[in-house]
Amino acid sequence: MPFVLTTAGESHGPALVGILTGVPAGLVLDRDAIDADLARRQQGYGRSPRQRIEQDRVEVLAGLRHGRTLGTPIALVVRNADHENWRWGMSPWPPEGEPAGKGKEAVTLPRPGHADLAGVMKYGLADVRDALERASARHTAAIVAAGGVAKAFLRELEIEVEGHAVEVGGATGEDDMRAAVDAARADRDTLGGIVEIRARGVPPGFGSYATKEERLDARLAAALMGTQAVKGVEIGEGRALAGRRGSEAHDEILRDEAGYRRETNRAGGIEAGVSNGEEIVVRAAMKPLPTLMRALRSADLETGEPAQALVERSDVAAVEALAIVAEACVALELAHAAREKFGGDAMDDVRAARRAYVERIPWSPR
Ligand code: EPS
């Protein structure tokens, strides 16, 4: 089986669930490390009061014994503490008793920028909640939990993945980014931004130019673009390359006793859809969050009359959270590519395959 994650779960349902296949047997997992990533995702300046309700922790229901993977599908669960307030409204089965708590009334005011309007039309829904619950970025907690497994796997292959926010609302630098969030909060508005993910230690040869499905840049772009609120993805110097001459756009090939190396990394570690042994550098651009405290114009689904969009509590910005999620997305895709390159049912086989390959090629990690 390939290293692939399937998820399920609604924002205020009982839990988020992930099933991860393709993890070799014998990988030691550290629960605290996964929980630390879940906590990192919840932090960041500009997060919503919802984060005070949740304290995300990973539960493992299958595929692990005494902290070691069994080579079988791993079932991960992150519970929604807020479900307690939505027991009636988000009950998976017809609810018993009188309506109580949140989610009793149908939502009929779609928010511009969210899944609301397209969702009700596509699936024939009467309540926007039936669309927004799954579309919510709360779902990214399941991705981060699985990303923790992917990072543990990659670490065994001497690969490290790290993401961070580089821009929030057009501002760079910690202080200016915070000031931008404070200003947007005061105006009851929201912000987007840019995150950057770097992967060190990836050997040449992950992905392939053979088909577009195998190209590593396409796969990383899909993994990031498939994340809530991401509207653009860039590999290496990306769009800037379009305006340069070829002599200023490529990374010249040098050779020393350690192997081939480059002095520049404009390609972001990927040429022709294949990793080239340099650091992989990917950036994702996030749009401002669509739930605004000062609602945008919309139309009521029941009456067709002009109205203001649904106002729920919202994050002002979640760019720092996206950095952790994007780190997980990149780790999952690189783990998938590593599994393709090195195969292996057991971790010892995977490590041995990597060692043999790295000994064969004139490359060493830097
Ligand atoms: C989200 C709306 C907010 C966010 C949520 C994503 O949730 P709520 O409607 O419950 O206040 O806080 O993100 C999370 C809960 C999370 O854990 O990241 C949305 O509509 O996308």
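**Exercise 1. Determine how β10 and β11 are joined and paired, and place E257 relative to them.**

Solution.
Step 1. A hairpin of two residues links β10 to β11; strands (E, at least two residues) and helices (H or I, at least four residues) are DSSP runs numbered from the N terminus.
Step 2. The two strands, β10 and β11, pair in the antiparallel sense over four bridges, where pairing requires that DSSP find at least two bridges between two strands.
Step 3. Within this pairing, R255 has Y260 in β11 as its bridge partner.
Step 4. E257 is located in the loop between β10 (253–256) and β11 (259–262).
Step 5. E257 counts as exposed because its relative accessible area is 79%; the classes are buried under 20%, exposed over 50%, and partly exposed in between, with a 1.4 Å probe and protein chains only.
Step 6. Although E257 and W363 are 106 residues apart in sequence, their C-alpha atoms are 9.4 Å apart in space.

The model is predicted: local features need pLDDT of at least 70, side-chain atom pairs count only at pLDDT 80 or more, and totals for chains, interfaces and linings use all residues. Residues are numbered from 1 along each chain as its sequence is written, and side-chain values use heavy atoms, with hydrogens and water left out.

**Exercise 2. Describe the surroundings of strand β2.**

Solution.
Step 1. Strand β2 comprises residues 15–21, and five of its seven residues are buried.
Step 2. Strand β1 (residues 4–9) runs antiparallel to β2, and six bridges join them.
Step 3. In this pair, G9 stands opposite L16 in β2.
Step 4. β1 and β2 form a hairpin, with five residues between them.
Step 5. β2 is also joined by six bridges to strand β6 (residues 74–79), again in the antiparallel sense.
Step 6. Here G18 faces L76 in β6.

**Exercise 3. State which partners R155, R185 and R294 have in salt bridges, and how accessible the residues are.**

Solution.
Step 1. A salt bridge is a side-chain nitrogen of Lys or Arg within 4 Å of a carboxyl oxygen of Asp or Glu. A search of the whole structure finds 32 of them.
Step 2. R155 meets E160 in a salt bridge at 3.4 Å, N to O. R155 is partly exposed because its relative accessibility is 42%, and E160 is partly exposed because its value is 38%.
Step 3. R185 and D182 form a salt bridge whose closest N and O atoms are 3.3 Å apart. The two residues, R185 and D182, are three residues apart in helix α6 (residues 174–186), so about one helical turn separates them. R185 is partly exposed at 39% relative accessibility, as is D182 at 36%.
Step 4. R294 forms a salt bridge with D189, with the closest N and O atoms 3.3 Å apart. R294 lies in the loop between β14 (280–286) and β15, and D189 in the loop between α6 and β8 (193–200), so the pair ties together parts that are 105 residues apart in sequence. R294 is partly exposed, with 46% relative accessible area, and D189 is partly exposed at 29%.
Step 5. A network of salt bridges that share partners joins R41, R50, E54, D56, D82, R138 and R313.

**Exercise 4. Identify the members of the nonpolar surface patch that includes L301, and locate this residue.**

Solution.
Step 1. Patches are made of residues with over 30% relative accessible area and no salt bridge; like charges are joined within 9 Å, and nonpolar side chains (Val, Leu, Ile, Met, Phe, Trp, Tyr) within 5 Å.
Step 2. L117, M121 and L301 form a nonpolar patch on the surface with about 280 Å² of accessible area together. Accessible areas come from the Shrake-Rupley method with a 1.4 Å probe, and for residues only the protein chains shown count as cover.
Step 3. L301 is in the loop between β15 (297–299) and β16 (306–308).
Step 4. L301 counts as partly exposed because its relative accessibility is 33%.

**Exercise 5. Characterise the protein chain as a whole.**

Solution.
Step 1. The protein chain has 10 helices and 16 strands.
Step 2. A compact globule of 366 residues would have a radius of gyration near 21 Å, and the 22 Å of the protein chain agrees with this; the radius is taken over C-alpha atoms, and the globule rule is 2.2 Å times the number of residues to the power 0.38.
Step 3. Along the principal axes, the C-alpha atoms fill a box of roughly 70 × 50 × 40 Å.
Step 4. Buried residues make up 47% of the 366 residues.
Step 5. The protein chain exposes about 18100 Å², of which carbon and sulfur atoms supply 51%.
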